[in-house]
Amino acid sequence: MEEEIPEYKLKPEHWGPVGPAALPESAIKMIAEALVEAKEPLLITGYSGRNHAAPGELVRLAETVKGLRVLDTGGSDMSYPANHRASVGLRYGVDDSIRTADVILVVDCDVPWIPTQCKPKESTRIIHLDGDPLKLQMPVFYYPAEARYKADCFTAIKQLHEYINANQSLSQKLSTYSERWDKLHEIHNKRMSTIRELAVPGQDGHYNASYLTAAIRNAVPEDTIFAIEAVTSTGFVADQVLPNLLGTWLNCGGGGLGWSGGGALGIKLAAGDKRFVCHIVGDGTFLFSVPGSVYWISQRYKLPVLTIVLNNQGWNAPKRSLLLVHPNGAGSKVSNEELNISFAPSPDYAGIAKAAAGGKLWAKHATTTKDLDELLPQAIESVKKGIGAVLDAHLDGPQGKYGGGERGPVG
């Protein structure tokens, strides 16, 4: 380690990134024709948003092949704008569009569906495009596909919509799809209406994750960057945030519960003083993040973020997993306390964070909608003034104490 070596210089131009891989011409033709000829085509993606140029190309493809729907599995960055009529929203491996599609194009995605819960029809044509279509670090990875291509998402999708637009016969066929385009608008409007209906508080003033997230979305700046580790509530949070701006939604891109505490600080450090960062985290993953370190670092380096703790009094993800495997087993008939996944009585998460920050942190609890109305604006104003804030939000109802509702497995 102490050996002296002669001086040397590196030429940065010799160490650039590997160039993107493209689809072969035969693949472009085959995939393009499959999408155009399909009665109900579906594109499933997960990681394509890591390249902020890719979502725009996905939108262009959906607007070229009118009737194509896009499902975002939330691999990391936002991969498709939720306010676009072709969007199915963010779903983890379960959605009716998977069951009914006749052609599915999987793009940069590890888990497009969970076969025991939801899978395509036997007759469905499946094509897989990915930077690593074999998932070389996942020894048990497999789902059927008639063709797999190792290609860069941005490049491949651009090739596809450019080919379709330049092909006279395909373009002519697409010119008759206006009814399908109108149908997508109708379906999307119905989905938006359902999402709004979920954000309703209880008659006793208590609230669920949907109501809470809708309140947050309406209160924070439009270009807020969301760092999300909501686990069983992720689908509800995504529906209410409706991410549509590039780089404003960051979800876990791999394993490791507890990433979002430090992750939110890293986002704030990179984004700078002018961008507002909102960190939404489950109570269990809040503890996994080592809040004693997170909020000391936040204070030490002056990185103010708004943290919302989704307090549903326990680890609901293990119970969800248990019920997926043994829906009628012994574990389905006992309480969270008996399963040892309850956090009752609840720790004071806001207090833990404030103590770690040496008292220099806004920290409160919200149990009712009245609390939210009063405290959420205070928390946001505190962050804008440079002092971090933690709001311990006590959830109730089907998206609170009892997990994620009927959307299928999440987390």
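Helices (H or I, at least four residues) and strands (E, at least two) are DSSP runs, numbered from the N terminus. This is a predicted model: local features need pLDDT of at least 70, side-chain atom pairs count only at pLDDT 80 or more, and totals for chains, interfaces and linings use all residues. Residues are numbered from 1 along each chain as its sequence is written, and side-chain values use heavy atoms, with hydrogens and water left out.

**Exercise 1. Describe the stretch 28–137.**

Step 1. Start with the record. UniProt, in an unreviewed entry, lists residues 28–137 as "domain: Thiamine pyrophosphate enzyme central". UniProt positions follow the numbering used here, feature names are shortened, and annotations may be inferred rather than shown by experiment.

Step 2. Turn to the model. Over residues 28–137, helix takes 24% of the chain and strand 22%. The end C-alpha atoms lie 27 Å apart.

**Exercise 2. Trace the sheet from edge to edge.**

Step 1. Recall the principle. Strands of a sheet pair through backbone hydrogen bonds, either parallel or antiparallel. Here, two strands pair if DSSP finds at least two bridges between them.

Step 2. Write the order. Six strands form an open sheet, β3-β2-β1-β4-β5-β6, with parallel pairing.

Step 3. Find the edges. They are β3 (87–90) and β6 (147–150), each pairing on one side only.

Step 4. Add the twist. From one strand to the next, it averages 15 degrees.

Step 5. Zoom in on one pair. β2 (residues 69–72) and β3 are parallel over three bridges. L71 has G89 in β3 as its bridge partner.

Step 6. Place the helix. α1 packs on the sheet and touches β1 (41–45), β4 (103–107), β5 (125–130) and β6; contact means heavy atoms within 4.5 Å. The direction of α1 makes about 130 degrees with that of β5. Angles run from 0 to 180 degrees between N-to-C directions, and axes are lines fitted to C-alpha atoms, for helices over the stretch in contact.

**Exercise 3. Check the cysteines for disulfides.**

Step 1. Apply the cut-off. A disulfide is a pair of cysteine sulfur atoms within 2.5 Å. The structure holds zero disulfides.

Step 2. Take C109. Its nearest cysteine sulfur, that of C153, is 11 Å away. C109 counts as buried because its relative accessibility is 1%. (Buried means under 20% relative accessible area, exposed over 50%, partly exposed in between, with a 1.4 Å probe and protein chains only.)

Step 3. Take C118. The nearest cysteine sulfur to C118 belongs to C109, 12 Å away. C118 has a relative accessible area of 2%, so C118 is buried.

**Exercise 4. Describe how α7 meets α14.**

Step 1. Give distance and angle. The axes of α7 (residues 209–219) and α14 (residues 369–384) come within 11 Å and cross at roughly 35 degrees.

Step 2. Name the contacts. Residues of α7 including Y211, L212 and A215 meet a set in α14 that includes T369, L372 and D373.

**Exercise 5. Find the unusual backbone angles.**

Step 1. Know the norm. Most residues other than glycine have a negative phi, and most peptide bonds are trans.

Step 2. Look between β5 and β6. K135 lies in that loop. Its phi is positive, about 45 degrees, although K135 is not a glycine. K135 counts as buried because its relative accessibility is 6%.

Step 3. Look between α12 and α13. N340 lies in that loop, with a positive phi near 60 degrees. At 65% relative accessibility, N340 counts as exposed.

Step 4. Find the cis bond. A cis peptide bond joins A344 and P345, with omega about -5 degrees. P345 sits in the loop between α12 (316–325) and α13 (349–356).
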